[in-house]
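I opened my notebook to look up a few things in this structure. I took one topic at a time and wrote down what I found.

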Amino acid sequence: MISGKNKDILFEKGDVCFCFSYLSWDSQFFQRPSYVLDTSRSCLGVLDKKNSQSLSRILQGSFVTAKIDTAVSHQLIKSLFALDFYYVETEVTLEFIKSGCLAQGDAVYGQNIVVEKKEVNAGLPYIKLGSSFSHTRFHTDSSIKDKLADDLWISYLKNYLPDENHHMIIAKYKDQIAGTILANEVGNKIILFFVAIREEFRGKGIGSALMNYVVRYFDNQQIITGTQIKNIPALNYYIKNGFSKIISTKTVLHHWG
């Protein structure tokens, strides 16, 4: 086991390697060391009982997320269960496929909806937007109370800093902020990860107006987003708005040491 200055954990035994990347923001929020299993830096495999117990001791007192391709061997999943991971959900990643279904070309949609890009994060109804979710992996995890899951998203939205690679798009309905999308730009890829519509404004076309603006603003770039496979309303929303290609499915596991 090697711990670097950045607090990552690297556990190597023979040909098997587990790399856990330290998450500073999550650690502060959950008030315990938090990590994500970095599959790109790991050589995942099955550990024997002795090494499994050793890694369990290293992870004791921490919160760890693992997102594993659903096509991996069931033996690897069993090995993670032996490390006290447990299943939370299955996550699907969708890609936007351009078609002729989006007709609007500017930032005004109907009489009451206006969509615009914000350069400064200020003045949003953080509590209502942040607590609009009910199917995130944090809400699904029985170890996390719904209020804490809501607080996580509220805090994340409050602390999001728009810049050249981090984008905040909002929708107003009759001059009230009714929804937002946060998008991170990585190379030529746009990752949408925070899509929220206030409950009292749903069913008015605000979500479609937001997505219409986003896919036009990032035209000619790959746009992807993720959601839970059991979140049927979200899946219907994304497919309706052009995210019709499934590019990956992940088994999501959590570990509370």
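**Entry 1: positive phi angles**

The model is predicted. I began with Asn220 and asked whether it is buried or exposed. Asn220 counts as exposed, because its relative accessibility is 68% and the cut-off for exposed is over 50%. I then looked up where Asn220 sits: the loop between α7 and β12. Its backbone caught my eye. Asn220 is not a glycine, yet its phi is positive, about 70 degrees.

I found another residue of this kind. Asp175 is not a glycine either, and its phi is also positive, about 70 degrees. I located Asp175 in the loop between β9 (166-173) and β10. Asp175 is exposed, with a relative accessible area of 73%.

I noted a glycine as well. Gly242 follows α8, and its phi is positive, near 100 degrees.

**Entry 2: the two sides of α8**

Next I took helix α8, residues 232-240. Which of its residues are buried? I listed Ala234, Leu235, Tyr237 and Tyr238. These residues cover an arc of only 160 degrees around the axis, so they lie on the same side of α8. I wrote down a rule that helps here. An α-helix has 3.6 residues a turn, so residues three or four places apart point the same way.

Then I checked the other side of α8. Pro233 and Lys240 are exposed there.

What covers the buried residues of α8? I found several elements, including β6 (85-95), β10 (176-186) and β11 (189-197). Also among them are α7 (206-217) and β12 (222-228).

**Entry 3: nonpolar cores**

I looked for the largest nonpolar core and found 30 residues in it. Leu192, Ile206 and Phe243 have the most contacts inside this core. Which elements each supply at least two of its residues? My list is β6, β8 (113-118), β9, β10, β11, α7 and α8. The largest share, seven residues, comes from α7. I added a general remark: in soluble globular proteins, nonpolar side chains tend to be buried together.

I picked Phe243 and looked up its contacts, leaving aside neighbours within four places in sequence. Among its partners are Leu94, Glu95, Phe96 and Leu192. Met211, Val215 and Tyr238 are also in contact with Phe243. So are Ile223, Ile224 and Thr225.

There is a second, separate core of 21 residues. Phe29, Phe30, Tyr160 and Ala196 are included in it.

**Entry 4: aromatic rings**

How many aromatic pairs does a search of the whole structure find? I got 23. I looked at the rings of Phe18 and Phe20. Their centres are 6.3 Å apart and their planes stand at 10 degrees, so the pair is stacked. The cut-off for stacked is under 30 degrees. Phe18 is buried, with a relative accessible area of 0%. Phe20 is buried too, and its value is 0%.

I then returned to Tyr238 and Phe243. Their ring centres are 5.7 Å apart and their planes are at 70 degrees, so this pair is edge-to-face. Both Tyr238 and Phe243 are buried.

I also noted one aromatic cluster. Its members include Trp25, Phe29, Phe30 and Phe63. Phe133, Phe138, Trp153 and Tyr156 belong to the cluster as well. Tyr160, Phe193, Phe194 and Trp256 are in it too.

**Entry 5: cysteines**

How many disulfides does the structure hold? I counted zero. Cys17 is in no disulfide, and the nearest cysteine sulfur, that of Cys19, is 6.2 Å away. Cys17 counts as buried, at 10% relative accessibility.

Why is Cys43 not bonded to Cys17? The closest cysteine sulfur to that of Cys43 is in Cys17, and the distance of 7.1 Å is too far for a bond. A disulfide needs the sulfur atoms within 2.5 Å. Cys43 is partly exposed, with a relative accessible area of 43%.

**Entry 6: strands around β4**

Last, I followed β4, residues 34-37. Strand β3 (residues 16-22) is joined to β4 by three bridges, and these strands run antiparallel. In this pairing, Ser21 has Val36 of β4 as its bridge partner.

I then checked β5, residues 63-69. Three bridges join β4 to β5, and here the strands run parallel. Tyr35 has Val64 of β5 as its bridge partner.

Conventions:
Residues numbered from 1 in each chain as written. Predicted model: local features only at pLDDT ≥ 70, side-chain atom pairs only at ≥ 80, totals over all residues. Heavy atoms only, no water. Phe/Tyr/Trp six-rings, centres within 6.5 Å; stacked < 30°, edge-to-face > 60°. Buried < 20%, exposed > 50% of the residue type's maximum accessible area, 1.4 Å probe, protein only. Helix = DSSP H or I, 4+ residues; strand = E, 2+ residues; numbered from the N terminus. Arc of directions from axis to C-beta. Contact = heavy atoms within 4.5 Å. Core = buried A, V, L, I, M, F, W, Y, C linked by side-chain atoms within 4.5 Å. Pairing = 2+ DSSP bridges.
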